[in-house]
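Let us walk through this structure together, one part at a time. Keep the picture open beside the text and look for each residue as it comes up.

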Amino acid sequence: MSVVTLDLARARAIAGAVVDPEIPVLGIGDLGVLRDVRMSGGGVEVDITPTYSGCPAMNVIAWEVEAALASAGFPQVRVRLVLSPAWTTDWITEAGRQALRDYGIAPPAKRAGRRALFGADDDTPCPRCGSAATEKLSEFGSTACKALWRCTACREPFDAFKCL
Ligand SMILES: [Zn+2]
């Protein structure tokens, strides 16, 4: 592999490991927020797509990516926000879904579609016991990107990702 290829792989790994402060259990690589990493003219260009347009965390993430790459020795880092196509929960990797479950957050149903954001929820199984007997308590969980649910089988409340 050429030096450029190695640098690119390293830049990708570093950027992908940056966490979304709203969901600190997985990196933006597994979250699907990291869209592209390119070497260009001695610098690095990084594309990220916000999980949801109102997420104030996105500026923090852009800054964290820049800081992480700069401290790893990449001299020029440019982070671009790419708004189209819009992020969807389908972009969360399998590893990312497992990390969410391990943390007690119900991962979004696959291919839920953007309509789900506005309340047409599909069944959300309990991340703790797997029961489908769950009910939504509130549109807003610990952050605006999550809703608060409760499992009627094990009686535990849990956060669920809103399907975007
Ligand atoms: Zn349960």
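Glutamate 135 stands opposite arginine 150, a residue of β8. This is a predicted model, and that facing pair is a handy place to enter it. The two strands involved, β7 and β8, pair in the antiparallel sense, with 4 bridges between them. As a general matter, strands of a sheet pair through backbone hydrogen bonds, and they can do so either parallel or antiparallel.

Now widen the view to the sheet around this pair. It is an open sheet of 4 strands, and their order is β6-β9-β8-β7, with mixed pairing. The edges are taken by β6 and β7, each with a single partner strand, so one side of each has no neighbour in the sheet. Moving inward from β7, you pass β8 and reach β9; these two strands pair in the antiparallel sense over 5 bridges. One contact to look for here joins leucine 148 to its bridge partner in β9, aspartate 159. On the far side, β6 and β9 are paired in the parallel sense, over 2 bridges. Aspartate 159 turns up here too, as the bridge partner of isoleucine 105.

Between β8 and β9 the chain makes a hairpin with 5 residues between the strands, where arginine 155 takes a positive phi near 65 degrees.

Which residues hold the zinc ion? Its coordination comes from the SG atoms of Cys126, Cys129, Cys151 and Cys154, at 2.3 Å. The site is tetrahedral, with angles of 105 to 118 degrees among the 4 donor atoms. Along the sequence, the spacing of the donor residues reads C-x2-C-x21-C-x2-C. Cysteine 129 sits in the loop between β6 (105–106) and β7 (134–138), while cysteine 154 sits in the loop between β8 (146–151) and β9 (157–161), so this pair ties together parts that lie 25 residues apart in sequence.

Are these two cysteines buried, or partly exposed? Cysteine 129 is partly exposed, at a relative accessible area of 41%. Cysteine 154 is also partly exposed, at 31%. For a contrast, look at phenylalanine 158, which lies in strand β9. With a relative accessibility of 2%, phenylalanine 158 counts as buried. Its C-alpha is 7.6 Å from that of cysteine 126, although the two residues are 32 apart in sequence.

A second sheet comes earlier in the chain. Here 3 strands form an open sheet in the order β3-β4-β5, again with mixed pairing. Its edges are β3 (34–40) and β5 (77–81), each of which has a single partner strand, so one side of each is left without a neighbour in the sheet. On average, neighbouring strands of this sheet are turned by 15 degrees against each other, direction ignored. The strands β3 and β4 (residues 43–48) run antiparallel and are joined by 6 bridges. To find where they face one another, look for serine 40, which stands opposite glycine 43 in β4.

Stay in β4 for a moment and find aspartate 47, which lies in that strand. Is aspartate 47 buried or exposed? Aspartate 47 is buried, with a relative accessible area of 6%. Setting aside residues up to four places away in sequence, aspartate 47 touches Val33, Leu34, Arg35, Asp36, Arg38, Arg80 and Val82.

Next, turn to helix α1 (residues 3–17), where arginine 10 has its place. Arginine 10 is partly exposed, with a relative accessible area of 39%. Beyond its neighbours within four places in sequence, arginine 10 is in contact with Ala72 and Phe74. Alanine 72 is 62 residues away along the chain from arginine 10, yet their C-alpha atoms are separated by 9.2 Å.

Finally, step back to see the whole chain. It has 4 helices and 9 strands, and along the sequence they follow the pattern α-β-β-α-β-β-α-β-α-β-β-β-β. Of the 164 residues, 40% are buried. Among contacts between residues at least 6 apart in sequence, 51% join residues at least 24 apart. The chain exposes about 8300 Å², and carbon and sulfur atoms supply 55% of that area.

Key
Residues are numbered from 1 along each chain as its sequence is written. This is a predicted model: local features need pLDDT of at least 70, side-chain atom pairs count only at pLDDT 80 or more; totals for chains, interfaces and linings use all residues. Side-chain values use heavy atoms; hydrogens and water are left out. Donors are N, O and S atoms within 2.8 Å of the metal (3.2 Å for Na, K and Ca); water is not among the atoms, so sites may look incomplete. Four donors count as tetrahedral if all angles lie between 85 and 135 degrees; four count as square planar and six as octahedral if opposite donors are over 155 degrees apart and all others between 65 and 115; anything else is irregular. Buried means under 20% relative accessible area, exposed over 50%, partly exposed in between (1.4 Å probe, protein chains only). Contact means heavy atoms within 4.5 Å. Accessible areas come from the Shrake-Rupley method with a 1.4 Å probe; for residues, only the protein chains shown count as cover. Two strands pair if DSSP finds at least two bridges between them. Axes are lines fitted to C-alpha atoms, for helices over the stretch in contact, and angles run from 0 to 180 degrees between N-to-C directions.
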